[in-house]
Amino acid sequence: MNRKKWLSYAITAFAAAVVSIFLFSFIDSKEDHPSGETHANETGESEPASGGENGVINNVENDVNSDKANINNSIDNQIENGNNNSIDNNITNNINVNVDVNVQNDITNNTDGASSNQDQSTDESNDAENDQNSSEESSNQSSSDQNASGNGNGSEEVVWGVDSASLTTNDLLSCVRENFGDPAIWGRYLGEKEGVSAGITPEEIELLHTEGIEILIIWNHFTNATGYENGQNEARQAIEEARQLGIPEGVAIFADIEPNYPVDSEFIRGYYEGISESSYVPGVYGVFDSERALFTEYAAAAENHSDLQNDMIIWTASPQVGITTKENAPAYNPEAPEGSQIYGWQYGLDAQTCNIDTNLFRGALSDYLWS
């Protein structure tokens, strides 16, 4: 081969390599924060490209395992004068957060086409996936993958359910299904409290279980939630009622602390320890608004008792959104003390059409229900 031909081939090969490198960009960024409050900010911006066919691939992945997280993913693609543009944006958030996570995924594609005598086509693929286990708010611009109830939990299902002070009959069940939706969970009371609530009966239990509905158990035979011995006494009565009814071990019994009841940390601790000594699981229901005594007293009870914080299940009635149908249920956003085991949110009170309240529950609550 003569020297001129060899030089010509070398220049051609070098030019082809430069063009190939220029046409494809790859961004792969990953943040892993094992603990504490996490701020994962991933930004990918493509370089302006011009001429010929443009192929841009942006991959952003965040793996977060912490107490709290704020994640902001931003991709900005600027492509100029390309005949054929191919854009593939992928954002994956793998998140395991105990309390709060805020996620925002922003994708912007700006393609400035060729002159009017040229044909331009642009293929855009924008995928933002949040795989999360938390109470969180997320915002995905361009593409969002959340579950149907809008809770953004991804890896954990959130289910819709009701609770009622009335006996569960075929008529009441039909009323709920026709006007609100099909509940997965139905909250009912242990024993009758005259003028307040009817106690659950064997007939109700059979009906709900036949219909594939799990039962949440509530104890409300008190109006004063103060004092350690008082808490222990209420736990003993609840356990006795549960055993007589044949409720199996492992089911949670929720102490119903209404907003007008006096409450202190000693009652909460007494009830927790009393139920924990049995085969049942301690739970507490109430308005866990940060301005209310229940919120403060629960936090005080849990402060020096890590077992209470880890084992007592919280079902909160805060904040109040109002009664909705299952289809129009809000995103799962309950309020409760930091670090508490918040499994349920009664977001709507006192439906007019049927005597029910409306709720959202974490799917994991199923382990503590009567099914």
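# A guided tour, beginning at Arg188

Select Arg188 and Ala198: a polar atom of the Arg188 side chain lies 2.9 Å from the backbone oxygen of Ala198. The model on the screen is a predicted one, and every stop below is to be read in that light.

**First stop: Arg188 and its surroundings**

Keep Arg188 selected and display the secondary structure. Arg188 belongs to strand β7, which comprises residues 185-189. Is Arg188 buried or exposed? Its relative accessible area is 0%, and a residue counts as buried when this value is under 20%, so Arg188 is buried. To see what surrounds Arg188, add its contacts beyond four places in sequence. They include Ser164, Ala165, Ser166, Leu167 and Thr168. Ala198, Gly199, Ile200 and Glu204 are also in contact with Arg188, as are Leu216, Ile217 and Ile218.

**Second stop: Pro202**

Move next to Pro202, which is found in helix α3, residues 202-210. Pro202 has a relative accessibility of 54% and counts as exposed. Now select Gly246 together with Pro202. The two residues are 44 places apart in sequence, and their C-alpha atoms are 9.4 Å apart in space.

**Third stop: the disulfide**

How many disulfides does the structure hold? There is one. Select Cys175 and Cys354 and show their side chains: these residues form a disulfide, with 1.9 Å between the sulfur atoms. The angle about the S-S bond is -90°, and the link is left-handed. Cys175 is part of helix α2 (residues 170-179), whereas Cys354 sits in the loop between β12 (341-348) and β13 (357-362), so the pair ties together parts that are 179 residues apart in sequence. Cys175 is buried, at a relative accessible area of 17%. Cys354 is buried too, at 4%.

**Fourth stop: Leu349**

Remain in the loop between β12 and β13, where Leu349 also lies. Leu349 is partly exposed, with a relative accessible area of 39%. Which residues does Leu349 touch, not counting those up to four places away in sequence? They are Tyr285, Gln320, Ile323 and Asp357. Leu349 and Gln320 are 29 residues apart in sequence, with a C-alpha to C-alpha distance of 7.9 Å.

**Fifth stop: helix α5**

Select residues 265-276, which make up helix α5. At 1.5 Å a residue, this helix of 12 residues should span 16 Å, and its end C-alpha atoms are indeed 16 Å apart, so the two values agree. The residue that caps the N-terminal end of α5 is Asp264, which has a side-chain oxygen 3.3 Å from the backbone nitrogen of Glu266.

Colour the helix by burial. Nine of the 12 residues of α5 are buried, and the helix is mostly covered. Among the buried residues are Phe267, Ile268, Arg269, Tyr271 and Tyr272. Bring the neighbouring elements into view to see what covers them. The cover includes the strands β8 (214-219), β9 (252-256) and β10 (281-286). It also includes the helices α4 (228-245), α6 (293-303) and α7 (306-311).

**Sixth stop: helix α6**

From α5, proceed to α6 and select Leu294, Phe295, Tyr298, Ala301 and Ala302, which are buried. These residues cover an arc of only 130° around the axis, which puts them on the same side of α6. The buried residues of α6 pack against α5, β10, α7 and β11 (313-316).

**Final stop: aromatic rings**

Show the side chains of Phe, Tyr and Trp. The count of aromatic pairs comes to nine. One of them joins Phe288 and Tyr298 in an edge-to-face arrangement, with 6.0 Å from centre to centre and 85° between the planes. Phe288 lies in the loop between β10 and α6 and Tyr298 in helix α6, 10 residues apart. Both Phe288 and Tyr298 are buried.

Turn then to Tyr332 and Trp345. Their ring centres are 6.5 Å apart and their planes meet at 70°; planes over 60 degrees apart count as edge-to-face, so this pair is edge-to-face. Tyr332 lies in the loop between β11 and β12 and Trp345 in strand β12, so the pair ties together parts 13 residues apart in sequence. Tyr332 and Trp345 are both buried.

To conclude, select Phe254, Tyr285, Trp315 and Phe361, which form one aromatic cluster. Tyr285 was met earlier, as a residue touched by Leu349.

Conventions. Residues numbered from 1 in each chain as written. Predicted model: local features only at pLDDT ≥ 70, side-chain atom pairs only at ≥ 80, totals over all residues. Heavy atoms only, no water. Helix = DSSP H or I, 4+ residues; strand = E, 2+ residues; numbered from the N terminus. Expected span 1.5 Å × (residues − 1). Buried < 20%, exposed > 50% of the residue type's maximum accessible area, 1.4 Å probe, protein only. Contact = heavy atoms within 4.5 Å. Polar contact = N/O pair within 3.5 Å; in protein donor to acceptor, adjacent residues only side chain to side chain. Disulfide = S-S within 2.5 Å. Arc of directions from axis to C-beta. Phe/Tyr/Trp six-rings, centres within 6.5 Å; stacked < 30°, edge-to-face > 60°.
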